[in-house]
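Student: Please take one part of this model and go through it closely, in a single connected account. I would like the terms defined as they come up, and then the chosen part set against the rest of the chain.

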Amino acid sequence: MAGLNPRQEEACSYTEGPLLILAGAGSGKTRVITHRIAHLIEDKGVNPFNILAITFTNKAAGEMRTRVDAIIGPGAEKVWVSTFHALCSKVMRRFYERLGGTKNFTIYDADDQRSAMKEVLRQLNLDEKQYPVRGMIAAISRAKESLLSPDEFEDQTEGDFRNRNIARIYREYQKRLESSNAMDFDDLICKTIDLFLQEPEVLELYQERFRYIMVDEYQDTNHAQFILVKLLAAKYRNLCVVGDDDQSIYKFRGANIRNILNFEEEYPDAKVVKLEQNYRSTKNILDVANAVIANNSGRKDKSLWTRNEEGEKVHFTRYRDDRGEAAGVCKKIFALLRKGGNLQDMAVLYRTNAQSRVLEEQLIRENIPYQLVGGTNFYARKEIRDLVGYLKCVANTADDIALVRIINYPRRGIGDTTVKKLKDFASQQGISLYDAIRDCEIVPGVGRAVGKLRDFAEMMEGFQRTAERGDLTRLYLDILSVTGYQRELEAERTDEARSRLENLQELRNKITEYETKAEEATLVGLLEEISLVADTDSLEEDSDRLTLMTLHSAKGLEYPDVFLVGMEDRLFPSGMALDSDDPDAEEEERRLCYVGITRAEKRLYLSAATQRMTNGTVIYPDVSRFIHEIPENLLVKDGIQEDGGFYTDVSDFSDSYYGDSRSGSSYGGARAGRFEAPKKDDTPDLYYDEWQGSTFQRKGGSKNTDPDMEAGIENDKDTADKRDLSAGPGASVSASIFGYTVGDHVKHIKFGRGLVTEMIPCGGDFEVAVTFDEFGEKRMFASLAKLRKI
DNA sequence: GAACCCATCATTTTT
DNA sequence: TGATGGGTTC
């Protein structure tokens with residue numbers, strides 16, 4: 001097998017019986033899986049139809065799909081590559097009737113779960129303070145992951161008052177889902193297991209089909225998934241699991257690290273192959289990673305090594321505060337760019353999403369384009385949820401949650417009181433809300449709303465007829481127009497409404513795309529895709545932007561240059577983990593740290609702040625214990641002062657950012673990382689200019705080309721003025737590069753609309769005079785002002 | 001039914 | 001700091 005090392009080759013060629021591949025970070029895991037599939041088909045004559053590859057995320061599934069298709073060619077499409085949930089959903093669509101369900105079931109996402117849970121708590125008259133929605137959903141999820149029914153849950157937990165109530169909540173929640181013909185994500189797995197146990201011939205059907213099974217990221221499986229895999233593989237036992245116990249970071253989500261640690265006990269005849277050669281990182285980076293993870297106990301014995309070069313030392317910088325840290329990161333980014341680096345090769349990783357704000361503020365000031373991964377999901381947007389709500393309702397009228405969501409959006413005079421009456425009636429009669437609407441004349445107390453309810457029911461029936469005809473795009477457009485949803489947004493004429501309309505257009509595109517590519521496009525299939533394949537475009541790999549994300553999101557990714565910020569005790573490792581009575585909590589944080597470090601290929605910059613604003617208060621954190629676990633000789637500590645003052649970063653620049661701060665000037669955000677006077681032949685300085693026309697984009701959301709959307713982020717007048725004064729010579733550019741010229745109307749992030757009245761070449765840059773509609777004339781340097789032609 | 005004020009409370013997240 | 005939710009008022 002071409003280009004594989006002996007271990008990798010061993011993993012590929014061992015095809016019969018259970019196999020555990022312990023694949024260290026950067027050891028070529030995906031390569032091994034794809035080559036293994038190729039080997040099965042090409043050398044062993046296995047029918048691609050009999051191969052199943054399971055992953056956790058759609059992204060991983062998509063990636064594997066592409067690589068398998070590329071390496072095998074025709075026939076590869078028969079290999080079933082899927083996420084756990086998509087697989088189970090397919091099984092349930094086909095066989096749910098055997099469990100007494102109907103196949104048009106709705107899949108509830110986190111938000112639907114929340115709504116359902118709130119209703120349950122209201123109904124049981126339980127206080128949300130004592131039984132928090134989030135916590136209850138998590139508790140139920142844990143029960144389901146452990147395959148415990150409400151009764152079993154009650155038996156297994158201590159029968160105190162609270163646990164009995166949680167069991168009641170679980171029971172009621174489940175009842176609600178069932179009467180709505182809905183499943184949550186956990187149900188997909190559990191009910192598939194139920195089905196397999198109850199209907200052995202169905203199980204056998206799939207056992208026969210999936211003679212060779214591979215599971216990626218095995219350390220992330222929960223108990224239910226473990227059982228599911230076990231059942232599927234029970235007949236042929238050709239089960240290959242791939243994972244790395246050191247990268248298990250999803251315990252809070254139910255992942256059970258024991259699944260991988262105990263694989264050999266579960267399958268005593270299992271062969272174990274360790275992939276320990278790392279192809280990703282430099283020796284220095286790997287040494288740091290190994291030093292940190294060595295502090296964990298109970299690991300599988302393995303140690304990563306590499307033939308890669310030593311590389312640069314890993315840096316650690318302690319900054320004065322979080323803003324200084326952000327500025328320092330920017331400064332280092334500029335230094336890298338100057339040396340010919342690319343933004344798409346860089347990532348900033350942090351423990352909590354809240355940390356992104358300070359970074360974003362600074363990046364905007366410095367004109368560094370970035371993409372933020374994670375955060376709000378496209379399908380979590382209100383307008384999208386509303387429209388999807390209509391679709392769900394049309395597909396499954398029993399879906400009360402969706403119905404309540406849309407019944408009065410847009411407003412059609414069916415208020416809370418009416419809805420409440422309907423709900424009472426429905427639960428009394430044991431019918432769905434929608435059926436109650438159809439019988440609204442006999443519902444007590446709805447009197448005046450009857451006509452409106454009739455209209456609503458009629459409208460929904462119209463949608464159902466359209467749906468039956470199978471034209472989904474038509475259905476979608478009908479909903480937009482007949483409900484008046486679109487009209488209402490168009491009438492609003494605000495930026496927000498415009499952005500919502502754009503998102504709705506985006507959803508339309510997704511629907512049309514689904515119709516084009518699906519073999520058999522159905523409403524139920526579309527909704528499944530929407531529920532399970534949410535947020536497909538969460539990361540762009542080939543745009544020249546810096547990437548910002550949490551450490552969790554970074555798993556599976558790699559970047560030449562990685563910044564790991566906020567290396568502070570109680571932030572990372574998180575305070576919650578440290579306070580936890582679970583002794584593994586700190587180790588999980590350490591694994592997270594290991595994951596972060598091993599994302600880096602060439603350069604790794606660790607940093608901490610001495611002072612940080614958290615939850616509205618200033619804290620003075622200690623340097624993370626993980627930093628102390630790294631031997632001194634592996635780290636370069638940038639410009640750390642010995643004299644007791646705050647630490648500074650003076651490593652890369654002669655004019656230090658803190659040079660200003662120390663001399664008493666205020667926070668010079670605009671000065672940090674600013675253009676150094678360019679050496680004449682130093683090309684990369686043009687970056688600023690090329691970026692002028694670029695857009696910022698919050699990932700997972702609509703494309704946002706309007707810098708004003710970002711204007712909520714502080715960019716005070718003070719800063720802008722300082723910029724004008726301090727702007728130095730930039731690179732030689734022509735005015736055209738900025739995309740506007742004298743006479744054009746432009747938009748400024750802070751000052752809004754204005755007219756360009758003058759552009760004066762100035763030390764390679766341009767001084768631009770703009771008369772703003774609201775702020776009058778301002779003069780600023782083009783390379784810094786981030787003006788956009790409108 | 002919208003607009004406002006106050007209190008509260010803050011990991012990590014894919015499906 | 002900020003988002004969110006409940007309660008109040010018009």
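**The surface near DNA strand B**

Tutor: The residues of the surface near DNA strand B divide into seven nonpolar, 13 polar and six charged, where Ala, Val, Leu, Ile, Met, Phe, Trp, Tyr, Cys and Pro count as nonpolar, Asp, Glu, Lys and Arg as charged, and the others, Gly among them, as polar. This is a predicted model, in which local features need pLDDT of at least 70 and side-chain atom pairs count only at pLDDT 80 or more, whereas totals for chains, interfaces and linings use all residues. Residues are numbered from 1 along each chain as its sequence is written, chains are lettered from A and ligands numbered from 1 in the order in which they are written, and side-chain values use heavy atoms, with hydrogens and water left out.

A residue is near a molecule or strand if one of its heavy atoms lies within 4 Å of it. There are 26 residues around DNA strand B, and those that come nearest are Asn58, Arg351, Arg411, Thr550 and Ser574. Helix 26 (551–554) and helix 27 (575–579) each supply at least two residues of this surface; helices (H or I, at least four residues) and strands (E, at least two) are DSSP runs, numbered from the N terminus.

Of the atoms of DNA strand B within 4 Å of the protein, 46% belong to sugar or phosphate and the rest to bases. Several polar pairs involve the bases. An N or O atom in the side chain of Arg351 is 2.5 Å from a base oxygen of DNA strand B, and a polar side-chain atom of Arg253 lies 3.2 Å from a base oxygen of that strand. Asn615 takes part through its backbone, with a polar atom 3.3 Å from a base nitrogen of DNA strand B. Such polar contacts are pairs of N or O atoms within 3.5 Å; within protein, one atom must be able to donate a hydrogen and the other to accept it, and residues adjacent in sequence count only if both atoms are side-chain atoms.

Asn615 also appears among the residues around DNA strand C, which are Arg114, Arg357, Met613, Asn615 and Gly616. By class, the surface near DNA strand C has one nonpolar, two polar and two charged residues. Of the atoms of DNA strand C within 4 Å of the protein, 33% belong to sugar or phosphate, and the rest belong to bases. One of the polar pairs here reaches the backbone of the nucleic acid, as an N or O atom in the side chain of Arg114 is 2.6 Å from a phosphate oxygen of DNA strand C.

Thr614 is found in strand 16 (residues 600–614). At 26% relative accessibility, Thr614 counts as partly exposed, on a scale where buried means under 20% relative accessible area, exposed over 50%, and partly exposed in between (1.4 Å probe, protein chains only). Thr614 and Ala354 are 260 residues apart along the chain, yet their C-alpha atoms are separated by 8.6 Å.

For the setting in the whole chain, chain A has 33 helices and 24 strands, and 56% of its 790 residues count as buried. Contact means heavy atoms within 4.5 Å. Of the contacts in chain A with a separation of 6 or more, 75% are between residues 24 or more positions apart.

Two buried acidic residues can be set beside this surface. Asp245, in the loop between strand 7 (239–243) and helix 12 (258–261), is buried, with a relative accessible area of 2%. A polar atom of its side chain lies 2.8 Å from the backbone nitrogen of Lys300; leaving aside neighbours within four places in sequence, the residues in contact with Asp245 include Leu22, Gln219, Arg299 and Arg591. Asp386, found in helix 17 (residues 382–395), is likewise buried, with a relative accessible area of 1%. The side chains of Asp386 and Tyr485 are joined by a polar contact of 2.6 Å, and, not counting residues up to four places away in sequence, Asp386 touches Arg405, Ile406 and Tyr485.
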